[in-house]
Amino acid sequence: MKKCNHSSKENLKNVVCGTVHAFQGDEKDVVLFSTAITNKTQAGTYEWLKNNKELINVATSRAKDKLIVLSDSRNLERLHKNDTEDDLYELIQYTKTRGKSQVTQKRANSRALGVKPFSTATEEAFLQNLNHALDNIWLSHNRYSVQKEVPISQVFQDIPVLAIELDGKEHFEDNVVKMRDKKKNDICKAHNLQIIRVENSYARRYNHIKDILINYFSLKM
C-alpha cells in the first residue's frame, strides 16, 4: 500500500490508500470505501461490480470502528435502474439510512479475494500469515517453528507449544470430521496442549491471527 498524495502533503502519517485487493488481510479503525462511480462509468462495469459479493465483503469488513462509503448518487441511480438485485446499491442505501434500510442476506464464499474456500491456496495463505505474525510479535521467532499436517502419532515427538486448526465448513457439517475433531480436542486436553480453531474465512486476516497469538502468549508468560 502507498500513501495518498494528498495525505502526504497534509503530513497524515497514518493514512494509506489502495485497491480493495491491496487491503485484504488488513484492518483499519476507519475505512473510506470509494465506489469510483462517475458519469463515465459504463453499464457493463457496474454490472460486474454491483453483485461482486467477495469484493464488497472484503471492502466493508476492513473497518474496525467506522465505514464511510463514497459514491456519486446521481450516477448510482442511473446505473441502478431499479434493479431488484444490486448488492452495491443496497450497501449504499444502508449507509445513507444509518442501518435502517433492508439488506438482502447473502453469503460470500470467502473473505479472501481470489482464494476459494477450503483450498490449498487458503491453507498456504494462513501459514504465511501465521509465520508473519510470529515474526512480528514481541517473542523471539527463532524459539518457534510452524509445521503443518502433523500426524497425531508424531505431535509429541517434539515439545509442542500449541495447535492451530484451520476449519472449513466440513468441520461444522460433516459428522465424521466433527468426531475426528473431538478426538483431537480430547488428546490435546489430556496433554495440556491448547488447540485454537480458526475459521478458514480468516485465513488472510493477518491482524486477526496476530491478535490470537499475542493473546495466547501473553497468558502463558
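Start by selecting Lys81, which lies in the loop between helix 5 and helix 6. Its phi is near 55°, a positive value in a residue other than glycine. Is Lys81 buried or exposed? Lys81 is exposed, because its relative accessible area of 56% is over the 50% cut-off. Keep in mind as you click around that this is a predicted model.

**Colour by confidence**

Switch the colouring to pLDDT. The protein chain averages 78, and 82% of the residues score at least 70. Helix 5, just before your first stop, has the highest confidence at 93, while helix 1 (residues 5-9) has the lowest, with a mean of 55.

Now go to cartoon view and trace the chain. You should count 10 helices and 4 strands, in the order α-α-β-α-α-β-α-α-α-β-α-α-β-α. Of the 221 residues, 33% count as buried. If you put a surface on, the accessible area comes to about 14,800 Å², and 48% of that belongs to carbon and sulfur atoms. For anyone with a contact map handy: among contacts with a separation of 6 or more, 71% are between residues 24 or more positions apart.

**Helix 6**

Next, select residues 87-96, which make up helix 6. This helix is mostly covered, with 7 of its 10 residues buried. Which residues of helix 6 are the buried ones? Show sticks for Asp87, Leu88, Tyr89, Glu90, Leu91, Ile92 and Gln93.

Those buried residues have plenty of partners to display. They pack against two strands, strand 1 (28-34) and strand 2 (63-70), and against helix 3 (43-50), helix 4 (53-60) and helix 5 (73-80).

Then look at the two ends. At the start of helix 6, zoom in on Asp86: one of its side-chain oxygens comes within 3.3 Å of the backbone nitrogen of Leu88. Just after the helix, pick Arg98, which takes a positive phi of about 55°.

**Strands 1 and 2 from outside**

Bring the surface back and select Val30, Leu32, Ile68 and Leu70. Together they make a nonpolar surface patch of about 330 Å². Strand 1 and strand 2 each supply at least two residues of this patch. Val30 is in strand 1, and with 42% relative accessibility it counts as partly exposed.

From there, move along to Ala36 in the loop between strand 1 and helix 3. Ala36 is not a glycine, yet it has a positive phi of about 60°. Ala36 counts as exposed, at 58% relative accessibility.

**A long-range pair**

Now jump to Glu124, in helix 7 (residues 120-136), and measure its C-alpha to C-alpha distance to Ala203. You should get 8.6 Å, for two residues that are 79 apart in sequence. Glu124 itself is partly exposed, with a relative accessible area of 32%.

**The salt bridges**

Last stop: the charged pairs. Side chains of opposite charge can pair when their charged atoms come close. How many salt bridges does the count come to? The count comes to 6.

Select Glu165 and Lys184, whose side chains meet in a salt bridge at 3.0 Å, N to O. The pair links distant parts of the chain: Glu165 is in strand 3 (residues 163-167) and Lys184 in helix 9 (residues 175-190), 19 residues apart. Glu165 is buried, with a relative accessible area of 15%.

Stay on Glu165 and add Arg197. These two also form a salt bridge, with the closest N and O atoms 3.9 Å apart. Here the link runs from strand 3 to strand 4 (residues 195-199), where Arg197 sits, over 32 residues of sequence. Arg197 is partly exposed, with a relative accessible area of 28%.

Next, slide along helix 9 to Lys182 and Asp186, which meet in a salt bridge at 3.1 Å, N to O. Being 4 residues apart in helix 9, they are separated by about one helical turn. Both side-chain partners are partly exposed: Lys182 has a relative accessible area of 48% and Asp186 comes in at 39%.

To finish, select Glu165, Asp167, Asp181, Lys184 and Arg197 at once: salt bridges that share partners join them into one network.

Notes
Residues are numbered from 1 along each chain as its sequence is written. This is a predicted model: local features need pLDDT of at least 70, side-chain atom pairs count only at pLDDT 80 or more; totals for chains, interfaces and linings use all residues. Side-chain values use heavy atoms; hydrogens and water are left out. Buried means under 20% relative accessible area, exposed over 50%, partly exposed in between (1.4 Å probe, protein chains only). Contact means heavy atoms within 4.5 Å. A polar contact is a pair of N or O atoms within 3.5 Å; within protein, one must be able to donate a hydrogen and the other to accept it, and residues adjacent in sequence count only if both atoms are side-chain atoms. Patches are made of residues with over 30% relative accessible area and no salt bridge: like charges are joined within 9 Å, nonpolar side chains (Val, Leu, Ile, Met, Phe, Trp, Tyr) within 5 Å. Accessible areas come from the Shrake-Rupley method with a 1.4 Å probe; for residues, only the protein chains shown count as cover. A salt bridge is a side-chain nitrogen of Lys or Arg within 4 Å of a carboxyl oxygen of Asp or Glu. pLDDT is the predictor's confidence in each residue, from 0 to 100.
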